[in-house]
Amino acid sequence: MDLGTALALSAPLAVGLAALGSGIGLGRAVGSAMEAIGRQPDASGKILTNMIIGAALIEALTIYALIVFFIVLDKMV
């Protein structure tokens, strides 16, 4: 198997795994935040702020994986 074929098989798989991990991470973060707000409604503003920051970091990792995919895609051609 040459390098182009290996990249063509592995790059989309890596982006799919990154998206899957991001979806699982976001689901757990939002679920935990909703539970925390249910336990302490007075702290909802602080909890939501921290959740949004965490969600942005999780999404940033997925975007980095997509950028790497496009870099690898350029090398395949």
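Tutor: Let's start with a term: a residue is buried if its relative accessible area is under 20%. Keep in mind that this is a predicted model.

Student: Got it. Which residues of helix 2 are buried?

Tutor: Helix 2 covers residues 44-76, and its buried residues pack against helix 1. Here's the list: I47, M51, A55, F69 and V72.

Student: And is S22 buried or exposed?

Tutor: S22 sits in helix 1, which runs over residues 3-39. Leaving out residues up to four places away in sequence, S22 touches I58, E59 and T62. The cut-off for buried is under 20%, and S22 has 7% relative accessibility, so S22 is buried.

Student: What about I63: how accessible is that one?

Tutor: I63 belongs to helix 2. Along with L61, Y64, I67 and I71, I63 makes a nonpolar surface patch of about 520 Å². Partly exposed means between the 20% and 50% cut-offs, and I63 fits because its relative accessible area is 47%.

Student: How far does helix 2 reach from its first C-alpha to its last?

Tutor: Helix 2 has 33 residues, and at 1.5 Å a residue you'd expect 48 Å. The model comes close to that, with a reach of 48 Å.

Student: Zooming out, what radius of gyration does the protein have?

Tutor: The protein has 2 helices and 0 strands, and its C-alpha atoms fill a box of roughly 60 × 15 × 10 Å along the principal axes. For a compact globule of 77 residues you'd look for a radius of gyration near 11 Å, but this protein has 18 Å.

Methods:
Residues numbered from 1 in each chain as written. Predicted model: local features only at pLDDT ≥ 70, side-chain atom pairs only at ≥ 80, totals over all residues. Heavy atoms only, no water. Patch = residues over 30% accessible without salt bridge, like charges linked within 9 Å, V, L, I, M, F, W, Y side chains within 5 Å. Areas by Shrake-Rupley, 256 points an atom, 1.4 Å probe, with all protein chains shown as cover. Salt bridge = Lys/Arg side-chain N within 4 Å of Asp/Glu carboxyl O. Helix = DSSP H or I, 4+ residues; strand = E, 2+ residues; numbered from the N terminus. Buried < 20%, exposed > 50% of the residue type's maximum accessible area, 1.4 Å probe, protein only. Contact = heavy atoms within 4.5 Å. Expected span 1.5 Å × (residues − 1). Rg over C-alpha atoms; globule rule 2.2 N^0.38 Å.
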